[in-house]
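Here are some exercises to work through with the model in view. Try each task yourself before reading its solution.

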Amino acid sequence: MKSKDSVLGMDRDITRRDFLNGATVAVGSTVLTAPLSVFGDTGPQSAQMSSDYYPPLSDGLRGSHPGSFEAAHLIRDGKRWDNPEDSEDIGETYDLVVVGGGISGLAAAYFFQKEAGPDARILIVDNHDDFGGHAKRNEFEYEGRTLVDLGGTEFIEQPDEYPVHARALIEDLGIDPDQSDIVFDHDLYPSLKLRGGIFFDKETFAKDQLVAGREGLVPGDMQTAYVTLPAELENGVADVELVTDFLDRSPLSDKARAEILELFCGDIDFMAGKSIDEKKIQLRSISYVDFLNDFVAASQETIDFFLMWRASYMGNGVDLTPALDAMRYGLPGARGLGLVDTLRSIGYQPRSIREDLHFPDGNASVARLLVRRLIPDAAPGDSMHDIISAKFDYSKLDQEDSPVRLRLNATGVHVKHINESTVEMTYLQDGTAKRVRAKNCVLACYHAIVPHICPELPEPQKDALAKTIRMPLVSVNVLVDNWQAFEKLGIASAYCPGSYFCDMRLTYPVRFGDYSSARSTDEPITVHLYRIPLPGGDVAANEQFRLGRHELLATPFETFERNIREQLGRMLKDGGFDPARDIKGITVNRWPHGYSVGYDYASGKMNYWSDEWSDDKKLWLAGRQRFGRIAVANSDARASAMTESAIEEAHRATTELLNES
Ligand SMILES: Cc1cc2nc3c(=O)[nH]c(=O)nc-3n(C[C@H](O)[C@H](O)[C@H](O)COP(=O)(O)OP(=O)(O)OC[C@H]3O[C@@H](n4cnc5c(N)ncnc54)[C@H](O)[C@@H]3O)c2cc1C
C-alpha cells in the first residue's frame, strides 16, 4: 500500500524545496547561533550581478525567505555594527541612501529624484533577494509558458480615492485605473459557471464537504476584495431563500443553520433596548466573536463558521476584528440590529471591486514600474501593459555609472550622523559589513528595527518605533497542471473556515499586453491560498502577532507543502483532483512582518478607529519624526497596510529632507 505522503505526492519531483528553511534557520535565540555564512554562502552580491539572477522564478519559501532576516535578528538580539573597525568604508557617497526597498523606499527614491534632478545619486538597500517588499512577484515556468502571480500585495484598492501624491505617482508611472475593468475579465469564471464556495472540513464540521454558491448570482455591493465567498452570503444582508438553500446543502447542524439564517436574514435585535449610538459604541469595543457569544448566544459551530470570514483580507479572524468593523466588511447581524444604514453612512460605502486595479503579480508591478523609472537600463518597455512580461536584468540594478543603485541581499545595520550634513550607513552583505555616506537618509524599513540600527534617535522616538508590530500572514501560489476539477465542482474560490489555509482562489483572470492568465481549464494555472498564523484564544492582538510570527519562522517548507497537498486534495477530490499528479510547483510567501496596523498599545487590542485617537495615542506620529538628515518613511509611519500609505509617507519623508536642505 502507498504511504500517505506518496499519495499526496510529497515525493514528486517539483522544483520547490528550499532546504534552508525554518528547520535550519530557527526562530528566537537559536538564530543567534546561525553563522553569517547562512546568508553569505551563495554570494548574493555577486549573484545579483550575474545574468541569470532572477528571483521571481525562485520557489519554495519566499516572502521573508531564508537568508533575508538573519542579520536583522542578530541586531534585534543585541549584535551591533557601531564600531568602524567592524566594517569597511567602501568610499561610496550619495545624495540619498534609502534603507528598505519596498514600495515606500522605492517611492522615496522616486520623489527625491523628481525634486533633486536626474543626476541625484541614490542608493537603496534591501535585505531580500528581490525588491518591492510585500509587493512581490512569483513566477513559474511550465511547459513553455510563464505564469505570473502575486506573492504579497494584491491590488490597487480604490485608486480613485488615492491621496494626492500616491495618485500622481501611479499616473506618472503610466498606471491607468480607468482600465481596471478592462484588464480584469470579470466574466471569465462566471462564463465557465465557476463561483465562490465554502469548504467544510471534517475536523471542524464533522464531514468534508465543498459547497458551491448558486450559479448565476452576482456578488453584492459590499465586496471588499476579489470574492472568495459564495455570492449569496457575500453581502451581510441576504435573501432568505438563497441563504436557506446554501445552508441546506451544507453539513451544518439544524441549530447552526437556524442561527446563521437569523443573522443574515432575521429581524431579532440581539441588542434590544440599546440606542443606535449605544450599539455602535459597544460593537466597536468587542470583537465579532464576542458579539456572537455575548449577544447572540451562538453555538460553537456558528462561531467556527464565521471565524475566518474575510480573514485573508483583514489579516486576522473575527475574534480580533471589532464587531462593528466586521459588520462593515459584510459579516451579518446589522439587519436585526437596525444598523444597515448606519454602517453604510459611517464607513464602508458600497462600491464595486471593478474599480480596483489588479495586476497579475499584484502591486509588484508598481514596484517594477518604479524600478524601471529609476533605473531604465534594468528593463525594457514604457507602459503598464508591457511591465508584466518585461524581463528585468538584475545585473543592471547596482551599476557604478547609474545615478540610482539598488542593492539587494543587503541589510542596513547601522545609521548615524558623522556631522550635521552627512549620514553614514553600514550594511551587511555577503557576511561583510560595509559603510557608505550620504547627505540624506530615508529609513523605509520596518519601524521596529529602527531603534536598533539608529541608536542616536531620541529615546521617546525609539520607544514609539519599538512598539510597532505587524500582522503575520502567508500567501501561497500552487501551480497546477489544469483546473478541470474546479470546472467540475463549479468553484473559482472557497472560504475554508476550519482548514490550515482559510481562503483559496484561482489566479486573477487578467490580460495585460501579451500576458494572459489561463482561459481554458486544460491550461496550467496558479491557485492562491492564504494562511493566517494567529493562535487565537484569549490573547491580546499584539501578542498574537508575535506568536504568529514565531510560528511562521519555525514552520519548515515541508509542513506547508503537506498541508497544501492534503487540503487541495480533500477539497477538490470530487472533481477528480489528484495532488500527486496535478501539483507542479509551490511557492510559499511567508510574511512574518505583514500588515502594518494601528492597535491600542495600552490594551493590545485592534483598533480600526485610530483616526479618532488623540495624537499622543498615535505612536507612529512620534516614531516618524525627522532627525537631522534622517527621515522616516514606510507604511508603519501611518500604521496603515496600504500601498498609498507607503507612498504618501515616502513623499512626506523626502519633503522633510529637501525642505531642510
Ligand atoms: C500578504 C499581503 C497582502 C497585501 N495586500 C495589499 C493590497 O492588496 N493592497 C494594498 O494597498 N496593500 C496591501 N498590503 C500592504 C502592504 O504592506 C503595503 O501596500 C506596502 O506594500 C508596504 O510597503 P512598505 O514599503 O511600507 O513596507 P514593506 O513592503 O514591508 O517594505 C519594507 C522593506 O524594507 C526591508 N527592510 C526592513 N528592514 C531592513 C533593513 N534593516 N535593511 C534593509 N532592508 C530592510 C523589508 O524587508 C522590506 O523589503 C499587503 C501586505 C501583505 C503582507
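**Exercise 1.** Find the residue that follows helix α12 and say what is notable about its phi.

*Solution.* Alanine 297 comes after α12, and its phi is positive, near 55 degrees. Helices here are DSSP runs of H or I with at least four residues, strands are E runs of at least two, and both are numbered from the N terminus. This is a predicted model, where local features need pLDDT of at least 70, side-chain atom pairs count only at pLDDT 80 or more, and totals for chains, interfaces and linings use all residues. Residues are numbered from 1 along each chain as its sequence is written.

Now step back into α12 itself, residues 288–296: Tyr288, Val289, Phe291, Leu292 and Phe295 are buried. Buried means that 20 or more other C-beta atoms, placed from the backbone, lie within 10 Å of the residue's own. The cover over these residues includes α11 (276–285), α13 (300–306) and α15 (323–328).

**Exercise 2.** Work out how many residues of helix α18 are buried, and what covers them.

*Solution.* First, count: 11 of the 11 residues in α18 (residues 364–374) are buried, so the helix is largely enclosed by the rest of the structure. Among them are Arg368, Arg372 and Arg373. Next, look at the cover, which includes α4 (103–116), β4 (137–142), β5 (145–150), α5 (164–172), β8 (404–407) and α26 (643–659).

**Exercise 3.** Describe how α5 and α26 are placed against each other.

*Solution.* Start with the axes, which are lines fitted to C-alpha atoms over the stretch in contact, with angles from 0 to 180 degrees between N-to-C directions. The axes of α5 and α26 come within 8 Å and cross at roughly 100 degrees. The two helices are therefore roughly perpendicular (65 to 115 degrees). Then find the contact, meaning C-beta atoms, placed from the backbone, within 7 Å of each other. Here His165, Ala166 and Leu169 of α5 meet Glu644, Ile647, Glu648 and His651 of α26.

**Exercise 4.** Give the strand order of the eight-stranded open sheet and name the strands at its edges.

*Solution.* The order is β1-β18-β12-β17-β14-β13-β6-β7, with mixed pairing. At the edges are β1 (60–63) and β7 (209–212), each with a single partner strand, so one side of each has no neighbour in the sheet. From one strand to the next, the twist averages 25 degrees. Strands count as paired if DSSP finds at least two bridges between them.

Now take one pair: β12 and β18 are antiparallel over 10 bridges. Methionine 471 has tyrosine 595 in β18 as its bridge partner. Helix α23 (residues 557–572) packs on the sheet, and its direction makes about 115 degrees with that of β18.

**Exercise 5.** Which residues point each way from strand β14, and which strands pair with β14?

*Solution.* In a regular strand, side chains alternate between the two faces of the sheet. From β14 (residues 503–506), Asp503 and Arg505 point one way, while Met504 and Leu506 point the other way, and all are buried. On one pairing, three bridges join β14 to β13, running antiparallel, and serine 493 stands opposite arginine 505. Four bridges join β14 to β17, also antiparallel, with methionine 504 opposite leucine 529 in β17.

Terms used:
Buried ≥ 20, exposed ≤ 12 C-beta atoms within 10 Å, placed from the backbone. Contact = placed C-beta atoms within 7 Å. Parallel < 35°, antiparallel > 145°, perpendicular 65-115°, else oblique.
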